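Please look at the model below with its bound ligand in view, and follow the account outward from the ligand to the space that holds it.

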Amino acid sequence: MSLSDCKIIDLPKIEDRRGNLTVIEGKRHIPFEIKRVYYLYDVPGGETRGGHAHKILQQFVIAASGSFDVMLDDGFTKTRYHLNRSYFGLYIPQMIWRELDNFSSGSVCLALASEYYDEADYIRDHEDYCNMMKGDIKA
Ligand code: TYD
């Protein structure tokens, strides 16, 4: 996997004067079936979340409220996305390092995952991750 496999995906937005609605269907709007949903909230100013990659898990993250940045790293290159709308999100495939920061006050990061929670799927050491991506260590 490389950064070119990561992408912003626009979601359907059903506009209504009573309030807008956005829907996400697994395998239809995003490339995987959704097995798990979690969200980050009450993130104190200046905090960083993430700081890991996943061996198998694919993820889609949305700024359901407010905004934050997602820094992606494939072991060779880094890029930064700013998420600030609830009608698009960032697709992150397996084996991409991510860090989330610059959370606005009251923001909510909604994360959809292709797998159930499994600590064994995490790569939490950045040096190990870079070695894996450079082919020194098998994932
Ligand atoms: P982690 O995935 O490291 O958080 P983030 O990447 O968003 O900063 O998870 C933080 C803690 O929460 C860790 O102890 C594992 C636990 N956790 C679960 O129990 N279930 C889950 O679905 C998730 C995402 C985390």
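In this predicted model, the residues around the ligand, each with a heavy atom within 4 Å of it, are R36, Y38, L40, R49, G50, H52, Y117, Y122 and R124. By class, this shell divides into 4 nonpolar, 2 polar and 3 charged residues, and strand 4 and strand 5 each supply at least two of its members.

Within the shell, several side chains place polar atoms close to oxygen atoms of the ligand. For Y122, an N or O atom of the side chain is 2.6 Å from a ligand oxygen, while a polar side-chain atom of R49 lies 2.8 Å from an oxygen atom of the ligand. The side chain of R124 likewise has an N or O atom 2.9 Å from an oxygen atom of the ligand. Taken alone, the ligand exposes 520 Å², and the protein buries 63% of that area.

Where, then, does the ligand sit? The ligand sits in the largest pocket, which holds about 230 Å³ of space. The lining of this pocket comprises 14 residues, and those nearest its centre are Y38, L40, R49, H52 and Y122. The elements that give two or more residues to this lining are strand 4 (36-40), strand 5 (49-54), strand 6 (59-65), strand 10 (97-101) and strand 11 (108-113). In the lining, 8 residues are nonpolar, 3 are polar and 3 are charged.

Reading the two descriptions together, one finds that R49 and Y122, which are among the residues nearest the centre of the largest pocket, also belong to the shell around the ligand.

Terms used: Residues numbered from 1 in each chain as written. Predicted model: local features only at pLDDT ≥ 70, side-chain atom pairs only at ≥ 80, totals over all residues. Heavy atoms only, no water. 1 Å grid on protein atoms, 1.4 Å probe; cavity = no way out; pocket = protein on both sides within 12 Å on 5 of 7 lines; lining within 4 Å. Points joined across faces, edges and corners; volume = space filled by probe spheres on them. Helix = DSSP H or I, 4+ residues; strand = E, 2+ residues; numbered from the N terminus. Nonpolar A, V, L, I, M, F, W, Y, C, P; charged D, E, K, R; others polar. Polar contact = N/O pair within 3.5 Å; in protein donor to acceptor, adjacent residues only side chain to side chain. Areas by Shrake-Rupley, 256 points an atom, 1.4 Å probe, with all protein chains shown as cover. Sits in = over half its atoms within 2 Å of the grid points.
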